[in-house]
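Reader: Hi! I'm new to this one, could you walk me through it?
Author: Happy to, here it is.
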Amino acid sequence: MRGVVEDATGARIPAALVIVTSPDTGFQRAVFTDSQGNFSLSMLTPGRYDVQAAAQSMQTATQPGIQLHVGASTQVQFQLLPATRVETVNVVAPAVKADTQTGEVAHEIVERAILGLPLNGRRFTDLALLTPGVTQDPRGLTSDSNGDLSFGGVRGYQNNFLVDGTDNNNSFHAQARGRYRAPYQFSNEVIKEFRVSSNSYSAEQGRAGGAVFNVITKSGSNDWHGTGFYYFRDRIFDAQPAFAPDKPDYRQDQYGGTVSGPIRKNRAFFYAGYDENLLDAPAIVQFANGATTVVPQPVDYDYKDQAMVEAAAQKLNNMAGEYPTKMWGNAAFGKIDFTPSSKQLIFVRASTSRYDGINNVFFNPSSPLTTYTESSNGSEDVATESIAASLTSSWTSNIATHLRAQFSRDLQQSSANSEDPKIKIYDLLDGAGRSNLLPRQTREHKFHVADTADIEEGRVSWKFGVDFIRTWIYNYFPSMSGGEYYFDDVRVNPFTFAPMTYGQSLTPLRAFAHGVPRYYIQDFGTATSHPDWRAVALFLQDNFRITRHLTLNAGIRWDIQTFLVPGLESNPLYAPSGKLPSDTNNFSPRLGFAYSVGERNPLVIRGGAGRFYSLVPAIYASQVQTDNGLRQSDLFLDLMKPADAAIFPAYPNPLVSCPSGTTNCVVPANLSRHLTTTVSAFSPNFQTPYVDQASLTIERELGQKIIATASYLYVHGEHLIRSLDANLPPPAIVDYPVYSDNGSVFLGQYLPVESFATWQTKKTVACPHPPCLNDIQRPIPQLDTINSFESEASSIYDGLTLSLKRQMNHGLFLRIAYTFAKAIDDGQDALVVGRPGNVQNAYAVNLERGLSVTDQRHRLVASGIVQPRQLETGYGWLNRIANGWQVSSVLTYGSGRPVNATIAGDANQDGNTYNDRLPGYRRNAFIGPDYFTTDLRLTRNLRIGEQLTLQLLAESFNTFNRTNAQVTVSDDGFLNAAGQFVAYSTKVGSKVYPGQFLKSSDFLNPNNAYAPRQVQFSVRATF
C-alpha cells in the first residue's frame, strides 16, 4: 500500500502519522510520511483495511474499507484540513482503483466472483477464463474441466501456480498439483481471491512463460464465521447430450463447510474447510465413425462369411452402450494465523485432497461419448498433501521480509481394467483391452523455500529475494508392454485367409471377424525412472516513483534448473543420449512504467517488456533416463511383410506376456533381430525455453468503481520444445492414388507424399510382387527413431484486449472482456514423450509454421451479478417475497479453433503414425466450430435471526442448450481424420502402386459436442 498526505492546498505534509488497521483481526501497522509526504507499507496481506492519517495542527482523517488485493499496489490519498477542533473526518470516497504503480498486465478474481458467479464443476481456476487474453489449451480440455489455460498463445504447461506464495505445481506433468484428475485441490470456500499475471510482470515472479496464478487462501478473524453447503445435479433436470442415443444416469453431489474464528483475540485465528464431490457420470461407447451400432455393409463380407462378419459386428455392439463411471473426491484445509506483534505475521497451512473412483482414468464429464470400451479404461487414485508456513516481518518502518516454506506430495496411481492386449479397429473402435497408457504411477515429493525483502527509500522501493525448490520423483510407466493389435485393411488368401500381397482385400471389420490383424506392437524394457531436479532463482526489483504521476519498474531475475537423475547411460551410437541440459545463463530483464494523468479518476498509461524462462518438465528427463536404446526396445510387426508374418502372434494372445506391475519386460532372445531401439535425447544445443513479452495498456476510471481498459499484448516464444526424429534419411516425393473411404472407387486423384521409404521395383524374396515399400534406411541403422527434444520452435502472439470492470456498487458487479488475437507457431509440443513427435518432415521444419493450437481469433466473456434494490420496510409479506434476490450470469463466445487434417496409416513411412497430414495442407489448416454458452444463477437470500443466512440457489449451464459441436481433441490440438493410407499393392490402369489413400467421407463432420444444458440446485448456510 502506498499513498500521499497533503493539506487543503495540495502541499505535501511530511512526518504525518499513517496507521493501517485490519478490522477483522485487529492487526495494526504505523508509518510516518517522508519529506515529500509519501508513505509506503509493504508486505501487507490481502484484505480489508482502515487507514488513518494524522498530522500536527491538522484534523485526523480516516478512509475505511480500503481493499488490498493479492499482488496489486493500492494507492491512498489524504487531504487533511486545518484543525479547528479535535475531530476525525471519515473519507467515504473510495481509493483510486486503477493501479498507477506498475506496468504489468494482471487481473484479480475476487471473492465475490468466486462465490457469486455460476461455475460448472466449482473449480476456481476456471474463473481465469473471465480475463482477457486467455483461452483453453487443448491438453485436458473438457467443458467441465478446462485443463490447461493458454496465455499469449503459449502452451498451458508453461504456467506457474502459487498458493500463498508457495509452489503448487506438478512438475512431472507440468500442471497444477493434482493435475486435472481431481475436481479441485482447494475448495472455492477457502479461496479469498487470486491474481492472474499474464504479461510483463515483475522479476519477483518467474518459472513461467505463460501466466502466474497467485492464490490467496482465507484466514480467520476476531469474529466467528461458518458456512455449510450442498450442491445437487441429476439427469432429470439436464438436456440430452448431442449425438448420444439417450440421456445417461448422471448425478453429482457436492457438500461441505467451513468454520473460522479467534483462538486468541487480536492474536491468533483459525480457518478450516472440507469439500466432498461425488460424481456418477456413465460413459456411452460409440464407434469411431459416430455410429451407435456396427452394421456390416456388402463390402464387409461375401456369402461365405456373412454370418461370421455379422457375429463379429454383434460382438462389437455388445461392447458398446453405457458403462458406469464414478468419481469420488474431497479436499480438506486448515490454517492458523498468529500475530505475535505489530511487526510480525505468521501462518501455518495444511491441505489435502483425495480422488478415486471406477473407470475414472479416461473420463470426460462434459460428454458421455467415448470410442473406448470399459475394458480399456481403469481406476485412478490421486492424493495430494501440503504443509506450508509463512513469516512476514517488519523490521523497521521501511524494511520488511517475507519468508515462506512448504513441503508437498502429489501421489498418482492408475490400474488397468484388463490384461488382454489392446485392440484397435480403424474407423470403428479406438480401444478395447488394456490401454497402452496403463498402468502408471507417479510420486512427487517437493520442498520449496523462498524469502523476499522489501526496502522503501523515499520514492524508491527495492525488492530482492531467493527461491529454492527440490523435488524427488518416482515414475512407473510400462507403455505398450501389454501389446496391441491393430485391425486395418489387409490382403489375404481368400481360402486360407493367410496374408497375400495380391490377395483378397479385407475391410477392418472383416479382418476382425477372421482374427487377422494388420499390425502388432509391443514395447520391452525398464519402466521406472527417477527424474529428480532442483531449481534456484535470484531476483532484484526496483520501483522508482519519479513523480507523483510517473513510476518506473525495473528488475532482473536469474533462474537455473538442474536435473539430478541417477544412473544415466549414454548410447555409444548416439552421443547426445543420456545427457540432461543445465542452462546457466537464464537472465531475465524486466522493465515497465505507469503514467497517470489526472487525480481523482486518472487516465493511466502503462507498458512493460521482459523475458520469462520456463522450467523443463521432468517428464522429458524421465524419458531420457529410460529411452536410451539400451534399456528399452520396440517391436512392430506388419502382417503384409513375410518376415514379420513368420513370427506374428496368434490373435488375441500377446507375443510376450508382461502383466501389470512388471518393472522390466524382458524380450525373448529369438525376437532380438526383429526389435528396434528408440532413443529419446535432448539436442546438444538445447536451451531453456523462454518468452519475450511486451504490452501497452490504457486504463481509465469512468466513474465510481468502474474501470475501462484497452491493451495490446505481444508474446514471442523462443527455444520452445519440439521433438522430431533425428534418424531419418532424406525423403523423396512419390504419388499414391486416392480411393473412396471403403476402397471400392478410384476417385481419379493422386496425392504427393514426401516418403522416407523407397520403392522396391525388383522381385526378391522379401518382395515377391513389386513394387513394395522398402524398410526405411536410417542414417544410424542400428537405431530406430531418435526422438530429439529440440529447443527450436517459436511462437508469435498479437492480441488486442478490451475490458470493462465494475466492482459491486449499487447492486451491480460487472466484468466484460473481449480478445482479438492471432497465435502462430511452428509446432511447440505439449509434452510429447513416449512416442515420436509431430514434425512431419525433419528436413523441412519450416512447413510446420501455421496457426497455433491455442489460436482463437475472437473471444468474448461477460459476467455480472445483480442485486435488486431492497424494498423499504413496512410492506410485510411483500418485503419477504421481493427482497433478498440475486441474479448472476456468465456469457462466453469463442470463435472456431484451428483443426489439423490428419491421415492414419503412416503415409510417409517414417514409423510415426502421429505426424501425417492431408497432403497439400499445412498444420492446422482448417477451422472448427465456434462456441457459445450462457450460464445463469438465481439466488434467494433468507435471513434467519440475526446471525444465520440461508441461500437457495438454482443454476443452469448452457442455459439455451446450444449444441457446441467439437472435433477430436487431443493434447496435440484439435484434429479430424481426413482419411488413411493403406500400404498394399494397388493397380490403377497398367501401373502398380505399393499403397493407396482412402479418403474419409466424414471429414470435419463432428460426432461429439460439449455439455448440453445442465441444471444444479444448492443450498448454503452462513453465519
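Author: We'll go from the overall build to the surface, the charges and then the disulfides.

Reader: Great. Anything I should know before we start?
Author: This is a predicted model, where local features need pLDDT of at least 70, side-chain atom pairs count only at pLDDT 80 or more, and totals for chains, interfaces and linings use all residues. Residues are numbered from 1 along each chain as its sequence is written, and side-chain values use heavy atoms, with hydrogens and water left out.

Reader: How many helices and strands are there in the protein chain?
Author: The protein chain has 66 strands and 6 helices. Both are DSSP runs numbered from the N terminus: helices are H or I with at least four residues, strands are E with at least two.

Reader: And why is the protein chain called as compact as a globular protein of that length?
Author: Its radius of gyration is 31 Å, close to the 31 Å that the globule rule gives for 1023 residues, so the chain is as compact as a globular protein of that length. The radius is taken over C-alpha atoms, and the rule is 2.2 Å times the number of residues to the power 0.38. Along the principal axes, the C-alpha atoms fill a box of roughly 110 × 65 × 50 Å.

Reader: What share of the residues counts as buried?
Author: Of the 1023 residues, 59% do. Buried means under 20% relative accessible area, exposed over 50%, and partly exposed in between, using a 1.4 Å probe and protein chains only.

Reader: Which atoms supply 57% of the exposed area?
Author: Carbon and sulfur atoms do, out of about 38,900 Å² that the protein chain exposes. Those areas come from the Shrake-Rupley method with a 1.4 Å probe.

Reader: Switching topic: how far apart are the mean positions of the charges?
Author: They are 5 Å apart, for 87 positive and 93 negative charges. Lys and Arg count as positive, Asp and Glu as negative, while His and the chain ends are not counted. Each charge is placed at NZ of Lys, CZ of Arg, CG of Asp or CD of Glu.

Reader: Now the cysteines. How many disulfides are there?
Author: The count is 2 disulfides, each being a pair of cysteine sulfur atoms within 2.5 Å. Cys-658 and Cys-665 form one, with sulfur atoms 1.6 Å apart. Cys-767 and Cys-772 form another, with sulfur atoms 2.0 Å apart.

Reader: Are Cys-658 and Cys-665 buried or exposed?
Author: Both Cys-658 and Cys-665 are buried. Cys-767 is buried too, at 2% relative accessible area, and Cys-772 is buried at 15%.
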